[in-house]
Amino acid sequence: MDPAEVEFLAEKEMVKIIPNFSLDKIYLIGGDLGPFNPGLPVEVPVWLALNLKQRQKCRIVPPEWMDTDKLEDIREQERKLDTFTPIPNPYYMELTKLLLNHAADNIPKADEIRTLVKDIWDTRMAKLRLSADSFISQQEAHAQLDNLTLMEINTTRSFLLDSLNYMYKLRSNLQPGRSKDY
Amino acid sequence: MSDHSELSGGEEELMTPAELISRLEEAWLNEKFSPELLENKSELVECVMEQLTHMEENLQRVRKGDLKASVHRMEIDRIRFVLSSFLRSRLKKIEKFFPHVLEKEKSRADGDPSFLSPEEFAFAKEYLANTEVYLRAVALKHMPPNLQSVDMMKAVPEPCLDSFVFLRVKEKQENILVEPETDEQREYVVDLDQGSQHIMR
């Protein structure tokens, strides 16, 4: 799966904006978006928020988890534990990238947030590499990975699944009477 | 614009358009990551096409309100991307496994839901016929007479149903058997809780 497709899915998350125009309710196929009044916050999906921001028709309000103190706590937690900690939003990486690229002026301490999220991402990726390594070397058949986000899974998806499949094929060819063409 | 209260999805159930779109996205992801062709979702595809054409007609009529029209158009584009990606991954699998797909379709009982839509079935049959003609013209007719046939089922590799996948559990399942990978391990059972994610074969 492309990272672009993961970003596509991330863009469906809702975010608060403060429009500077007014418009009555719009009835999209995916749901209704409330009436827009200048100065009053309204929730819209990220793809719409970014488009409106680019046309300079709104201001984006950063989500609650995008705050330096909270992110620092998460980073410390992540560094202490060996397992993956639950994180506030399953699309934290994509949302950080999108919101900071397009709306950095609406987000306080944007650079710090960028660094903190990158640190959290690096720690989690290192843990993921270690656990994938042990998964393959111990030839496990099953693993539970509750707190992983789609983006992290996606980075190792093709490598991990292909290597596991090939190893399975090689192993099953060793056993008599089981070789098949795939 | 148009009023979206309830959409009659054909025979079984009434779904809101939002539910329809989320089911389409789920079907899209499932089809993308599963190693073999999944059951056909033609009623889902038809409903989504209906919604899209309906919305486009509205947009044609109402030219005013540039902002509203562009928002609707963006949403239509997004939904159209998901739909075409879904159909494209189905076609890719049909092309890859065409003899097995046709065999499965022939051997299913009359009451079972079909794996291919009528258009996909016609596509698969044409692909088979074209491949046979091509192989015959390029290689087979130059071979000695007793080697001039090719068994498509053996020639084309079949989908590997034992590949590993990542999965997320929607309903709690208990006692799923995990087969051992090496000779030293023994098989064991796992319980799958709702909402958790796993990787397994």
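Here is a walk through this structure, starting with chain B and ending where the two chains pack together. Keep in mind that the whole thing is a predicted model.

Let's begin with how chain B is put together. It has 6 helices and 6 strands. Reading from the N terminus, you meet β-β-α-α-α-α-α-α-β-β-β-β, so to speak in order of the chain. Of its 201 residues, 37% count as buried. If you look at the contacts in chain B with a separation of 6 or more, 64% come from residues 24 or more positions apart.

Now for the inside. In soluble globular proteins, nonpolar side chains tend to be buried together. Here, the largest nonpolar core holds 80 residues, and the members touching the most others are A:Ile17, A:Phe36, A:Val44, A:Leu48, A:Ile60 and A:Leu71. The biggest giver to this core is helix H5 of chain A, residues 110-137, which puts in 11 residues. Another core, of 7 residues, lies apart from it, and includes B:Phe97, B:Val101, B:Leu102 and B:Ala124.

A:Leu48 is a handy residue to follow next. Leaving out residues up to four places away in sequence, A:Leu48 touches A:Leu33 as well as B:Val71 and B:Met74. Those two chain B partners take us to a pair of helices.

The pair is helix H2 of chain A (residues 46-54) and helix H3 of chain B (residues 66-96), whose axes come within 11 Å and cross at roughly 135°. Because of that angle, H2(A) counts as oblique to H3(B); the cut-off for roughly antiparallel is over 145 degrees. The crossing of H2(A) past H3(B) is right-handed. On the H2(A) side, the contact is made by A:Trp47, A:Leu48, A:Asn51 and A:Leu52, while H3(B) brings B:Leu67, B:Val71, B:Met74, B:Glu75 and B:Arg78. Sort the residues of this contact by class and you get 6 nonpolar, 1 polar and 2 charged.

One more helix ties these pieces together: H1 of chain A. Running over residues 3-10, H1(A) is mostly covered, with 6 of its 8 residues buried. Which ones are buried? They are A:Glu5, A:Val6, A:Glu7, A:Phe8, A:Leu9 and A:Ala10. And what covers them? From chain A, the cover includes H2, helix H4 (92-103) and helix H6 (150-174). Chain B adds helix H1 (17-33) and H3. That brings back both helices of the oblique pair, H2(A) and H3(B).

Methods. Residues are numbered from 1 along each chain as its sequence is written. Chains are lettered from A and ligands numbered from 1 in the order in which they are written. This is a predicted model: local features need pLDDT of at least 70, side-chain atom pairs count only at pLDDT 80 or more; totals for chains, interfaces and linings use all residues. Side-chain values use heavy atoms; hydrogens and water are left out. A nonpolar core is a set of buried Ala, Val, Leu, Ile, Met, Phe, Trp, Tyr and Cys residues joined through side-chain atoms within 4.5 Å. Buried means under 20% relative accessible area, exposed over 50%, partly exposed in between (1.4 Å probe, protein chains only). Helices (H or I, at least four residues) and strands (E, at least two) are DSSP runs, numbered from the N terminus. Contact means heavy atoms within 4.5 Å. Axes are lines fitted to C-alpha atoms, for helices over the stretch in contact, and angles run from 0 to 180 degrees between N-to-C directions. Angles under 35 degrees count as roughly parallel, over 145 as roughly antiparallel, 65 to 115 as roughly perpendicular and the rest as oblique. A crossing is left-handed if the near helix is turned anticlockwise from the far one by less than a right angle, and right-handed if clockwise. Ala, Val, Leu, Ile, Met, Phe, Trp, Tyr, Cys and Pro count as nonpolar, Asp, Glu, Lys and Arg as charged, and the others, Gly among them, as polar.
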